[in-house]
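Good morning, colleagues. I should like to take you through one structure, and I ask you to keep it in view while I speak.

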Amino acid sequence: MVTVNMVRNTKETHIDMSLSIRAKEKGLRGSTGIGFFDHMLNSFASHGGFDLNLKCEGDLFVDGHHTVEDVGICLGMAFAEALG
């Protein structure tokens, strides 16, 4: 199992993520505060065979744009590091 921790803090979001590939547990643990996005992340992780632990606070009072964008940035960086 390969595990990568990723943290991203901006003016709009605070994200703490742990990605484990080839994990026994698969799916999303945590929430972005955006129901449909959480559903899609869980489906991606479950069917992709990885575990995603996520703590996320975003400026949802404005909209979900920054939350989705910054989680995507963290996820991409975590996969890049995990896969070398």
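I shall discuss the sheet, the helices, the core and the salt bridges, in that order.

First, the basis of the description. This is a predicted model, in which local features need pLDDT of at least 70 and side-chain atom pairs count only at pLDDT 80 or more, while totals for chains, interfaces and linings use all residues. Residues are numbered from 1 along each chain as its sequence is written, and side-chain values use heavy atoms, with hydrogens and water left out.

Let me begin with the sheet. Helices and strands here are DSSP runs numbered from the N terminus, helices being H or I with at least four residues and strands E with at least two. Four strands form an open sheet; the 4 strands follow the order β1-β2-β4-β3, and the pairing is mixed. Two strands count as paired if DSSP finds at least two bridges between them. Strands β1 and β3 are the edges, each pairing on one side only. On average, neighbouring strands are turned by 10° against each other, direction ignored. The antiparallel strands β2 and β4 are joined by 9 bridges. Ser20 has Asp51 of β4 as its bridge partner, and Asp51 will return later.

I turn to the helices. Helix α1 packs on the sheet and touches β3 and β4, its direction making about 150° with that of β3. Contact means heavy atoms within 4.5 Å. Angles run from 0 to 180 degrees between N-to-C directions, and axes are lines fitted to C-alpha atoms, for helices over the stretch in contact. Helix α2 lies across β1, β2 and β4 and runs at about 35° to β2.

Which elements give two or more residues to the largest nonpolar core? They are β1, β2, α1, β4 and α2. A nonpolar core is a set of buried Ala, Val, Leu, Ile, Met, Phe, Trp, Tyr and Cys residues joined through side-chain atoms within 4.5 Å. The largest such core has 19 residues, and among those with the most contacts inside it are Ile15, Leu41 and Val71. Helix α2 provides the largest share, 5 residues. Setting aside residues up to four places away in sequence, Val71 touches Ile15, Met17, Thr32, Phe37, Leu41 and Cys56. Phe79 is also found in helix α2. Beyond its neighbours within four places in sequence, Phe79 is in contact with Leu19, Ile21, Phe44 and Phe50.

Finally, the charged pairs. How many salt bridges does a search of the whole structure find? The search finds 3, a salt bridge being a side-chain nitrogen of Lys or Arg within 4 Å of a carboxyl oxygen of Asp or Glu. Arg8 and Asp70 form one, at 3.1 Å from N to O. This pair links distant parts of the chain, Arg8 in strand β1 and Asp70 in helix α2, 62 residues apart. Arg8 is partly exposed at 27% relative accessible area, whereas Asp70 is buried at 4%. Buried means under 20%, exposed over 50% and partly exposed in between, with a 1.4 Å probe and protein chains only.

Arg29 forms a salt bridge with Glu25 at 3.3 Å between the closest N and O atoms, and Arg29 meets Asp51 in another at 3.4 Å. Shared partners thus join Glu25, Arg29 and Asp51 into one network. Within it, Glu25 is exposed at 52%, Arg29 partly exposed at 31% and Asp51 buried at 8%.
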